[in-house]
Every structure is written in structure tokens, then in C-alpha cells.
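Me: I have a structure open and would like to learn how to read its strands, helices and chain contacts. Could you walk me through it, one feature at a time?

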Amino acid sequence: MADEVGLVNDEAVVPIRSDGDIVTARQEGRALASLLGFSSTEATLIATAISELARNIVLYAKRGEIVLALVEDHGRRGIVVTARDEGPGIVDVRKALMDGHSTSGGLGLGLPGVRRLMDDFEIVSQIGKGTTVTVKRWKQGAGPV
Amino acid sequence: MPVPILKQRDYLIATIQAALTDDDLKKLRDALVAQVGEFRSRGVIVDVTTLDVMDSFAARTLRDLSHMSRLRGAETVIVGIQPEVAFAMVQLGLTLEGVPAALDLEEGLAYLDRKTKRKTAAK
């Protein structure tokens with residue numbers, strides 16, 4: 001895990017250890033989204049999704065990382081956000097993706113909300129091993145219609 | 001970074017200056033709820049014009065603040081939610097239910113004036 005925020009091979013790694021890192025992660029995400037030409041509205045959606053994912057790490061796993069990178073697919077460009085932790089894992093992923101479910105007294109909107117904010121959503125969770133959530137948002141009108 | 005709280009007439013005004021951490025938000029909530037008693041305030045305005053992201057934690061904390069200060073006799077109004085922040089909130093499913101919002105500080109003050117006048121004018 002990198003100790004500092006840095007862009008290595010078009011990848012920014014933000015270590016998440018405390019609530020202050022949540023702000024760093026979403027600011028980095030917004031900066032990268034703007035750099036990629038996302039509108040200010042889209043950059044806000046992406047920053048909001050990062051905020052939710054980073055908070056899940058702080059709440060459930062205590063520490064982990066957010067990796068921000070560019071992604072290209074058949075001529076379209078986008079941003080990919082990977083939230084990775086080695087926490088306890090999610091017992092019932094299906095349930096965690098339903099609106100209204102939460103085990104930390106939150107609004108229970110974290111993951112389903114993030115899914116709505118982004119275009120692609122992928123989650124891999126293993127009990128005792130950790131959780132990785134990968135989300136992507138594609139630039140509108142940049143790719144083949 | 002702590003949020004400065006201004007006292008104007010019967011109201012407390014907190015203007016969020018930058019990206020707040022969860023801890024800053026909790027401290028702001030607690031300080032406002034305490035100062036409602038200290039200054040016998042009738043209303044609280046939280047100006048979020050420069051807040052970059054309103055996520056589920058921020059929304060929950062503001063909702064809690066509103067309910068807590070209402071229990072202490074003060075109305076809370078959130079002002080300055082930017083269009084893109086509103087868009088993200090709706091996508092995320094956050095409605096700030098039960099918490100009044102106004103376009104800007106001026107509208108927020110007008111809202112509190114109406115709200116607190118009605119209380120004093122109660123028959």
C-alpha cells in the first residue's frame with residue numbers, strides 16, 4: 001500500500017485510514033474526473049460515490065485504499081474507482097445491495113446509492129479476507145453511440 | 001477545520017467553508033445544539049454553498065442537527081445546496097426528509113422569520 005497520494009502509471013492510490021482520508025480520496029477523484037473532461041455535475045457524482053466507498057472502508061474495515069485510474073474501452077474513456085480493504089468482508093452481498101440495509105446504523109443507502117451514481121458496479125467480498133468494490137463511469141458522448 | 005458559527009439576532013449561522021471531515025461535521029452539530037441554549041437562539045442556518053459533496057453521512061448529520069435543535073426549540077434550515085450536489089443527492093437517494101432547505105442565506109433568513117413569527121403570534 002502506498003503511503004502518499006501519487007499518480008503512478010495513470011493510477012492514484014489514496015490510503016484510507018481515517019475520516020480525513022475520505023475527503024482526500026473524493027478530492028483526488030474530482031480532480032481526475034475534471035482532468036478527463038467530465039462535467040462538474042458528473043465530477044460531483046463521482047466524488048460522492050468515492051465518499052461513500054471510502055466511508056465504508058473506515059466504518060467496516062478500518063483501513064484500505066481507494067485506487068483511481070483512467071479506463072479505455074472501444075474508444076470510450078472513463079474513470080475507474082477501486083475501493084479495496086482487507087476487512088471482515090460482507091456476509092450477504094445481495095442484501096447489502098438492497099436499499100434500506102445497513103449493519104452500522106447508517107441510512108443503508110451506501111452501496112445501492114453508489115451503484116446508481118456510477119455506470120458499472122462490481123463487488124467481490126470474502127469473509128475474513130476483505131472487500132473490493134470496482135465502479136466505473138464513462139464519459140458521455142465520448143464513445144460510439 | 002472547525003466551522004465558524006455567527007450569531008445574528010435570534011439566529012445562529014454556520015457557513016461551511018471547505019470540504020468537511022465526518023469529525024468536523026459532528027463537532028459542528030454538537031456546537032450548534034449547545035449554542036442554541038447558550039444564546040437562546042430560535043433558528044439555525046447551515047450554509048452549504050461551498051460543500052463539495054453531500055453524502056449519506058453529511059445528510060444524516062444535518063438531519064440529526066435539525067431534529068436535535070428542534071427539540072431545543074430552534075428551527076434549522078439548510079441553504080445553498082448547489083445544483084450538482086442536489087443531483088448527486090437525489091441519485092444517491094438522499095432527500096433530507098423533514099429538514100427545510102432554502103435557496104440561499106437571504107431566503108433562509110426569510111424562512112426563519114416566517115417560522116419564528118408564527119410561534120410568537122400563536123393565539
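Reply: Happy to! Keep in mind that this is a predicted model. Let's begin with a pair of strands in chain B: S2(B), residues 11–15, and S3(B), residues 43–47, run parallel and are joined by five bridges. For one such pairing, find Ile13(B), which stands opposite Ile45(B) in S3(B).

Me: Which strands make up the open sheet of chain B, and in what order?

Reply: The general idea comes first: strands of a sheet pair through backbone hydrogen bonds, either parallel or antiparallel. In chain B, five strands form an open sheet in the order S1-S2-S3-S4-S5, with mixed pairing. The edges are held by S1(B), residues 5–8, and S5(B), residues 101–102. Each of these has a single partner strand, so one side of each has no neighbour in the sheet.

Me: Where do H1(B) and H2(B) lie relative to the strands?

Reply: Look at which strands each helix covers, then at the angle. H1(B) lies across S1, S2 and S3 of chain B and runs at about 165° to S2(B). H2(B) lies across S3(B) and S4(B), the latter being residues 75–79, and makes an angle of about 155° with S4(B).

Me: How do H1(B) and H2(B) pack, parallel or antiparallel?

Reply: Compare the directions of their axes. H1(B) covers residues 22–38 and H2(B) residues 56–71; their axes are 10 Å apart, at an angle of about 10°. An angle under 35 degrees counts as roughly parallel, and these two helices are therefore roughly parallel to each other. On the H1(B) side the contact includes Leu25(B), Leu32(B), Val33(B) and Val36(B), and on the H2(B) side it includes Phe57(B), Leu65(B) and Met68(B). The residues of this contact divide into eight nonpolar, two polar and four charged.

Me: Now chain A. How many bridges join S3(A) to S4(A)?

Reply: Ten bridges join S3(A) to S4(A), residues 76–85, and the two run antiparallel. One partnership to look for is Glu72(A) with Arg77(A) in S4(A). The two strands form a hairpin with two residues between them, and in the turn His74(A) has a positive phi of about 50°. S3(A), residues 64–73, also pairs with S2(A), residues 11–16, in the antiparallel sense over six bridges. There you will find Pro15(A) opposite Glu65(A).

Me: At what angle do the axes of H2(A) and H4(A) cross?

Reply: They cross at roughly 155° and come within 9 Å, with H2(A) spanning residues 40–61 and H4(A) residues 110–117. The two helices are therefore roughly antiparallel to each other. The crossing of H2(A) past H4(A) is left-handed. Among the contact residues are Leu45(A), Ala49(A) and Leu53(A) of H2(A), together with Gly110(A), Gly113(A) and Val114(A) of H4(A). By type, the contact has five nonpolar, four polar and one charged.

Me: Last one: how many residues of chain B are in contact with chain A?

Reply: The size of an interface is often given as the accessible area lost when the parts come together. Here, let's use residue counts: 18 residues of chain B are in contact with 24 residues of chain A. On the chain B side, H1, H2 and H3 (83–92) each supply at least two residues. The largest share, six residues, comes from H3(B). That side of chain B divides into eight nonpolar, four polar and six charged residues.

Note on methods:
Residues are numbered from 1 along each chain as its sequence is written. Chains are lettered from A and ligands numbered from 1 in the order in which they are written. This is a predicted model: local features need pLDDT of at least 70, side-chain atom pairs count only at pLDDT 80 or more; totals for chains, interfaces and linings use all residues. Axes are lines fitted to C-alpha atoms, for helices over the stretch in contact, and angles run from 0 to 180 degrees between N-to-C directions. Helices (H or I, at least four residues) and strands (E, at least two) are DSSP runs, numbered from the N terminus. Angles under 35 degrees count as roughly parallel, over 145 as roughly antiparallel, 65 to 115 as roughly perpendicular and the rest as oblique. Two residues are in contact if their C-beta atoms, placed from the backbone, lie within 7 Å. Ala, Val, Leu, Ile, Met, Phe, Trp, Tyr, Cys and Pro count as nonpolar, Asp, Glu, Lys and Arg as charged, and the others, Gly among them, as polar. A crossing is left-handed if the near helix is turned anticlockwise from the far one by less than a right angle, and right-handed if clockwise. Two strands pair if DSSP finds at least two bridges between them.
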